[in-house]
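Welcome! Here are a few exercises for finding your way around strands and their neighbours. Have the view ready and take each solution one step at a time.

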Amino acid sequence: MSCNKSYITTPIYYVNDIAHIGHAYTTIIADTLARYARLIGEDTYFLTGTDEHGQKIEESAKSRGREPQEYADEISKKFRDLWDNFDISYDKFIRTTDAEHKKGVQKAFSTMYKNGDIYKDTYQGHYCISCETFFPELQLVDGEFCPDCGKSTSVVEEESYFFRLSDYEDKLLEWYRDNPNCILPKSKRNEVIRFVEGGLTDLSITRTSFDWGVKLPSEFNEPKHVMYVWLDALMNYVTALGYGTDDKDMDYWPARVHLIGKDILRFHAIYWPAFLMSLDLPLPKHIGAHGWWTRNGEKMSKSKGNVVNPKEVADAYGLESFRYFMLREVPFGGDGDFSQRALMDRINSDLGNDLGNLLNRLIGMSGKYFEGRVESDLVSTYYQDELDEVQDSLDKLEPFIFELQLHRFLEELWRPLTVANRAIDKYQPWTMIKEGKTDETMALNGLIATILAKVSLMLHAVMPKTTSTIAEALGFEITPENFTRYIRNGEQLSSFTIEKREPLFPRIEEELLVDERLETLKKEKEAEEKKAKESKKKVTTTTEGVTLIGIDQFFQTSLKIGTVVKAEEVKKSKKLLLLQVDIGEENNRQVVAGIKEWYSAQELVGTQVCVVANLKPAKLMGMKSEGMLLAAKDVDGLCLIRPEKPKIDGTPIA
């Protein structure tokens with residue numbers, strides 16, 4: 001049995017809002033890794049928590065008439081309550097307002113200063129309050145807007161302490177080269193390398209324009225300075241282990257896996273390892289950056305009212321089914337789409353038909369032919385080929401876990417279930433028992449039970465309650481010892497009397513979660529259709545054949561200002577460009593536009609356009625297009641319709 005240590009972390013979640021499906025996704029992945037590490041006998045420490053400092057929190061609290069600490073307490077509790085409700089097996093829930101954390105951050109600041117990596121200067125730059133980040137003017141959109149979130153930046157000049165990030169370019173690049181799996185998926189590592197190769201500037205790590213943060217160590221005598229929120233936040237990974245206080249759990253460091261969303265990759269893959277190098281601490285083994293989630297093919301946003309509440313989904317469909325769906329549905333690193341129909345399909349097919357029904361078949365066969373008794377003594381005599389096929393599949397699974405290919409892990413784990421269901425259909429125990437082949441029939445039951453036991457052990461980290469229920473029915477417990485016995489050593493399940501169980505995953509025919517947004521849209525559509533019928537009587541046609549419409553019909557079209565943040569040519573197409581356009585929503589819109597003859601991809605990036613924002617998504621050359629650009633075309637060619645002056649992304653055109 002392994003005695004290695006595994007330290008697994010989620011990001012600490014910012015307390016400016018309640019938890020959404022993206023937070024749940026990160027936390028479920030981390031929980032799965034932690035549960036699996038414990039099951040294989042590793043000494044595991046699992047950390048999660050909340051990030052509670054910074055100007056954004058201070059302003060959010062003030063806007064609600066609250067003190068920052070009071071506001072942070074409230075939101076942090078909501079996160080912790082949700083993870084407890086989800087039975088997340090964390091070992092510590094850290095808060096950046098914890099006294100021990102503050103001491104650790106102050107120690108880190110002092111150490112980096114003594115090592116010559118921090119100096120004092122004056123900073124002037126464009127600051128995004130939402131991202132709590134300064135940006136060089138060259139990175140701004142239209143000279144004003146944040147390149148990450150699209151919101152307006154402010155020119156700030158203040159005294160600041162700086163971290164010599166520029167000194168760590170070569171060391172960071174060396175780390176990326178020498179550790180090809182340090183950032184997962186590898187495509188994200190390549191993005192980081194390109195960013196660092198473009199050159200790093202020193203990082204402002206204190207602020208004087210607000211007060212809600214960790215103060216500098218007392219020996220600096222700088223009462224007006226507070227720590228930059230990202231220096232404060234990133235240090236949680238070691239302060240949680242006692243860095244700066246008692247160091248009691250620092251033997252868990254370095255982290256085996258930092259789980260994060262792709263939007264905070266730069267902070268974790270550039271700033272964090274540079275801080276650690278300055279502190280002479282080992283670097284994490286893996287930083288895993290996952291993608292974002294959409295809903296029914298649409299980007300989630302509060303304005304649309306389509307943000308997925310993970311607790312509502314878990315309450316409606318079951319937490320274990322929700323966990324399975326989240327990990328199985330999308331490759332790690334890619335963006336995923338949540339829909340109730342997709343969730344129902346996974347429950348009915350993978351969980352109901354393949355897993356749950358296999359247990360039902362075993363209960364039925366063993367009860368009918370052997371009064372519930374199941375013996376595995378002769379399995380290898382009659383079904384060695386099936387045993388070998390199953391063991392071969394199981395032996396390949398573990399790397400998928402720690403390489404964060406959890407969708408592949410689950411896909412491959414279902415192969416033994418296919419072997420089991422196929423064996424029943426192939427050997428037909430109902431026929432064998434009639435032919436007097438009692439031993440063969442009992443051995444077949446033993447094969448099915450053994451496969452179910454092995455799959456339950458491997459699946460336990462994903463669906464702990466479901467697999468415990470299966471294990472109880474099969475007369476064994478899910479423990480590290482039994483993992484070694486049945487998975488590592490390939491043993492078969494001992495004889496037992498099976499316990500009857502209700503179906504684990506009853507079939508779901510209709511959506512269980514009421515989507516208030518869709519209900520509202522349905523009512524609005526019905527009202528619009530009624531208006532349209534009434535307005536038809538008022539529509540006339542000019543002699544030129546142009547249809548005139550009423551003002552109500554015109555305002556059904558949603559036109560918005562957006563900024564092209566990315567553009568590329570569509571291969572094999574003479575006309576199409578693939579654009580990513582920020583129209584002020586949580587995620588960018590993908591637009592496929594037939595303007596390649598008049599515009600190059602390079603010249604469009606950073607420019608503003610007019611977007612028809614409420615068109616139904618369409619597919620062009622297999623790519624989804626989520627809007628249309630306004631343009632004018634005559635004998636001289638085509639030109640895009642653009643705002644006369646820069647406007648905030650998402651500004652409606654009226």
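**Exercise 1: the neighbours of β12**

I8 stands opposite V257 in β12. Keep in mind that you are looking at a predicted model.

Task: Find out which strands are joined to β12, by how many bridges, and in which sense they run.

Solution:
- Step 1. Start from strand β1, residues 5-9: two bridges join β1 to β12, and the two run parallel.
- Step 2. Move on to strand β13, residues 287-290: four bridges join β13 to β12, again running parallel.
- Step 3. Pick out a pair of residues: G261 has H290 in β13 as its bridge partner.
- Step 4. Add helix α9, residues 265-278: together with β12 and β13, α9 makes a right-handed β-α-β unit.

**Exercise 2: the two faces of β12**

Task: Work out which way each residue of β12 points, and whether these residues are buried or exposed.

Solution:
- Step 1. Strand β12 spans residues 257-261.
- Step 2. V257, L259 and G261 point one way, while H258 and I260 point the other way.
- Step 3. Buried means under 20% relative accessible area. Five of the five residues of β12 are buried, so the strand counts as mostly covered.

**Exercise 3: an open sheet**

Task: Determine the order of the strands in the open sheet that holds β14.

Solution:
- Step 1. Three strands form this sheet, in the order β15-β14-β16, with mixed pairing.
- Step 2. The edge strands, β15 (298-299) and β16 (336-338), each pair on one side only.
- Step 3. Strand β14, residues 293-295, pairs with β15 in the antiparallel sense over two bridges.
- Step 4. For T294, the bridge partner in β15 is K299.

Note on methods
Residues are numbered from 1 along each chain as its sequence is written. This is a predicted model: local features need pLDDT of at least 70, side-chain atom pairs count only at pLDDT 80 or more; totals for chains, interfaces and linings use all residues. Side-chain values use heavy atoms; hydrogens and water are left out. Two strands pair if DSSP finds at least two bridges between them. Buried means under 20% relative accessible area, exposed over 50%, partly exposed in between (1.4 Å probe, protein chains only). A crossover is right-handed if, with the strands pointing away from the viewer, the path from the first strand over the helix to the second runs clockwise.
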